[in-house]
Amino acid sequence: MYAIDYSTLSHEQRLFAKAAGVPVHLLYNALNASEIISREDLAHFSLHSVDPLHWKLFSRGSLDIPATYGSLYTCLTGFEKKLVVFRTHESQAVAVYFPHRCDGPGEHACTGTEQLVAYVFARGFRKKEVLVDHQFDFDSVRLQLYRGQKRSSF
């Protein structure tokens with residue numbers, strides 16, 4: 001059995017693969033190729049399609065080799081829109097959509113049209129929640145989401 005990580009392909013390689021018949025949703029949506037969230041769960045919130053966003057796998061961790069907060073820091077400061085997925089158990093995951101690029105560490109407010117969005121997936125249970133007027137604070141060793149005061153965080 002062979003496995004291909006389509007997120008590592010260059011633009012030209014993806015075009016060649018597309019012409020060869022590889023489904024577009026595998027080439028431009030790393031969430032579909034990953035096994036973090038089931039395809040049915042992704043489809044429930046239309047996260048499985050390639051429009052309007054192309055998801056790219058940025059970092060992956062496991063119990064043996066956890067992803068580092070340094071990778072999360074780079075993701076939050078390096079990309080405009082991002083979906084950070086935390087897999088808490090083999091059948092449970094929490095994903096948080098961050099709507100804008102962060103200039104650097106510290107506190108960041110999300111208000112108006114730029115709200116944080118949380119997704120919960122657990123054994124067939126699916127929930128999407130817009131986190132109205134939430135803030136987040138991060139640096140190279142932690143990420144904290146809260147509303148109002150930091151002590152009201154998760």
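Two strands pair if DSSP finds at least two bridges between them. In this predicted model, seven bridges join β4 to β5. These two strands run antiparallel. Within the pair, L116 stands opposite L131 in β5.

The confidence of the prediction varies along the chain. The protein chain averages a pLDDT of 78, and 75% of the residues score at least 70. Among the elements, β5 has the highest mean pLDDT, at 92. Helix α3 (residues 30-33) has the lowest, at 68.

Strands β4 and β5 belong to an open sheet of four strands. The order is β1-β2-β4-β5, and the pairing is antiparallel. Strands β1 and β5 form the edges of this sheet. Each of them pairs on one side only. From one strand to the next, the twist averages 15 degrees.

Another open sheet has three strands, in the order β3-β6-β7. Its pairing is antiparallel too. Here β3 and β7 stand at the edges with a single partner strand each, so one side of each is left without a neighbour in the sheet. The twist in this sheet averages 20 degrees from one strand to the next.

Strands β6 and β7 form a hairpin, with two residues between them. Five bridges join these antiparallel strands. One pairing sets F138 against its bridge partner L143 in β7. Strand β7 is an edge strand of its sheet, yet four of its five residues are buried, so β7 is largely enclosed by the rest of the structure.

Where do the nonpolar residues gather? In soluble globular proteins, nonpolar side chains tend to be buried together. The largest nonpolar core of this model has 14 residues. Those with the most contacts inside this core are L76, F98, L116, F136, F138, L143 and L145. Five elements give two or more residues to the core: α5, β2, β4 (116-122), β6 (135-139) and β7 (142-146). Another core lies apart from this one. That core has 12 residues, among them L47, A93, V117 and Y119.

L116 recurs in this account. This residue stands opposite L131 and is listed among the core residues with the most contacts. Leaving out residues up to four places away in sequence, L116 touches V96, Y97, F98, P99, C110, E129, V130, L131, H134, Q135, F136 and L145. Among these contacts, F98, F136 and L145 are also listed for the largest core.

Charged side chains form a further set of links. Side chains of opposite charge can pair when their charged atoms come close. A search of the whole structure finds five salt bridges. One of them joins D41 to R126, with the closest N and O atoms 2.5 Å apart. D41 lies in helix α4 (residues 39-44) and R126 in strand β5 (residues 125-131), so this pair ties together parts that are 85 residues apart in sequence. Is each partner buried or partly exposed? D41 counts as buried, because its relative accessibility of 11% falls under the 20% cut-off. R126 is partly exposed, with a relative accessible area of 29%.

A salt bridge also forms between the side chains of R101 and E80, at 3.6 Å from N to O. This pair links distant parts of the chain, 21 residues apart. R101 lies in the loop between β2 (92-98) and β3 (106-109). E80 lies in the loop between α5 (69-78) and β1 (82-89). Both partners count as partly exposed: R101 has 37% relative accessibility, and E80 has 40%.

D139 and R142 meet in a salt bridge as well, again at 3.6 Å from N to O. D139 is partly exposed, at 24% relative accessibility. R142 is likewise partly exposed, with a relative accessible area of 31%. Salt bridges that share partners join D137, D139 and R142 into one network.

One further residue deserves a note. G78 is found in helix α5. This glycine is partly exposed, with a relative accessible area of 36%. The C-alpha atoms of G78 and D103 are separated by 8.6 Å. Along the chain, these two residues are 25 residues apart.

Methods:
Residues are numbered from 1 along each chain as its sequence is written. This is a predicted model: local features need pLDDT of at least 70, side-chain atom pairs count only at pLDDT 80 or more; totals for chains, interfaces and linings use all residues. Side-chain values use heavy atoms; hydrogens and water are left out. A salt bridge is a side-chain nitrogen of Lys or Arg within 4 Å of a carboxyl oxygen of Asp or Glu. Buried means under 20% relative accessible area, exposed over 50%, partly exposed in between (1.4 Å probe, protein chains only). A nonpolar core is a set of buried Ala, Val, Leu, Ile, Met, Phe, Trp, Tyr and Cys residues joined through side-chain atoms within 4.5 Å. Contact means heavy atoms within 4.5 Å. pLDDT is the predictor's confidence in each residue, from 0 to 100. Axes are lines fitted to C-alpha atoms, for helices over the stretch in contact, and angles run from 0 to 180 degrees between N-to-C directions.
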